[in-house]
Amino acid sequence: MIGRLNHVGVATPSIEKSVTLYRDVLGATKIHDAFDMPEQGVRVCFVDVPNSQIELIEPLGDDSPVHGFLAKNPAGGQHHVCFEVEDIYAARDEMAAKGAKVIGTGEPRIGAHGTPVIFVHPKDMGGVLVELMERPEDLHE
């Protein structure tokens, strides 16, 4: 079921400062424009790396789910890992059948790549928040 690692989500108090780090210290050359996802309470910016992406996530206000993470980790840090799946509904049902808790209502929502996603609770994933994302047809072409 598990597919390609799509991205590693990194929570940050400042996308601007994080972009500087990835560009000037780590040498990233392809950094996408940041954009707001108000329905999820975050601002997002993708940094391309040769085999995947880094998703920089900044909270949009105190109601953001990332706000709590940054309260515990003020400098930011790894928030989640995202794997591609062929069918998000089949993945959701498989997670539930195996006893892994899908966060929220269990219904997929549209993620930053414009495809349906779910998050699986870290307590069922070895302490790691796992995002499963339906693979877009044109993402790797």
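**Exercise 1. In which sense do β6 and strand β9 pair, parallel or antiparallel, and over how many bridges?**

Solution. Note that the model is predicted.
- Step 1: Locate the partner. Strand β9 covers residues 130-134.
- Step 2: Read the direction. β6 and β9 run in the parallel sense, with 5 bridges between them.
- Step 3: Pick out one pair. Val85 has Glu134 in β9 as its bridge partner.
- Step 4: Turn to another partner of β6. Strand β1 (residues 5-11) pairs with β6 in the antiparallel sense over 6 bridges. Here His7 stands opposite Cys82 of β6.

**Exercise 2. Explain why β6 is largely enclosed by the rest of the structure.**

Solution.
- Step 1: Fix the range. Strand β6 spans residues 77-85.
- Step 2: Count the buried residues. Buried means under 20% relative accessible area. In β6, 7 of the 9 residues are buried.
- Step 3: Conclude. Because of this count, β6 is largely enclosed by the rest of the structure.
- Step 4: Check one residue. Cys82 has a relative accessible area of 0%, so Cys82 is buried.

**Exercise 3. Find how many disulfides the whole structure holds, and account for Cys45 and Cys82.**

Solution.
- Step 1: Recall the bond. A disulfide joins the sulfur atoms of two cysteines covalently.
- Step 2: Search. The whole structure yields 0 disulfides.
- Step 3: Test the distance. The cut-off is a sulfur pair within 2.5 Å. For Cys45, the closest cysteine sulfur is that of Cys82, 16 Å away, so the two are too far apart for a bond.
- Step 4: Add the surroundings of Cys45. Its relative accessible area is 2%, so Cys45 is buried.

**Exercise 4. Work out which residues of helix α1 are buried and which are exposed.**

Solution.
- Step 1: List the buried ones. In α1 (residues 15-25), these include Ile15, Ser18, Val19 and Tyr22.
- Step 2: Place them. They span an arc of only 105° around the axis, so they lie on the same side of α1.
- Step 3: Look at the other side of α1. There Glu16, Lys17, Asp24 and Val25 are exposed.
- Step 4: Name the cover. β1, β2 (30-31), β4 (42-49) and β5 (52-59) are among what covers the buried residues of α1.
- Step 5: Go just past the helix. Gly27 takes a positive phi of about 85°.

**Exercise 5. Describe the largest pocket and its lining.**

Solution.
- Step 1: Give the volume. The largest pocket holds about 570 Å³ of space.
- Step 2: Find the centre. Among 28 lining residues, Pro65, His79, Arg109, Phe119 and Leu129 are the closest to it.
- Step 3: Name the elements. β4, β5, α2 (65-72), β6 and β8 (116-120) each give two or more residues to the lining.

Notes:
Residues numbered from 1 in each chain as written. Predicted model: local features only at pLDDT ≥ 70, side-chain atom pairs only at ≥ 80, totals over all residues. Heavy atoms only, no water. Buried < 20%, exposed > 50% of the residue type's maximum accessible area, 1.4 Å probe, protein only. Helix = DSSP H or I, 4+ residues; strand = E, 2+ residues; numbered from the N terminus. Pairing = 2+ DSSP bridges. Arc of directions from axis to C-beta. Contact = heavy atoms within 4.5 Å. 1 Å grid on protein atoms, 1.4 Å probe; cavity = no way out; pocket = protein on both sides within 12 Å on 5 of 7 lines; lining within 4 Å. Points joined across faces, edges and corners; volume = space filled by probe spheres on them.
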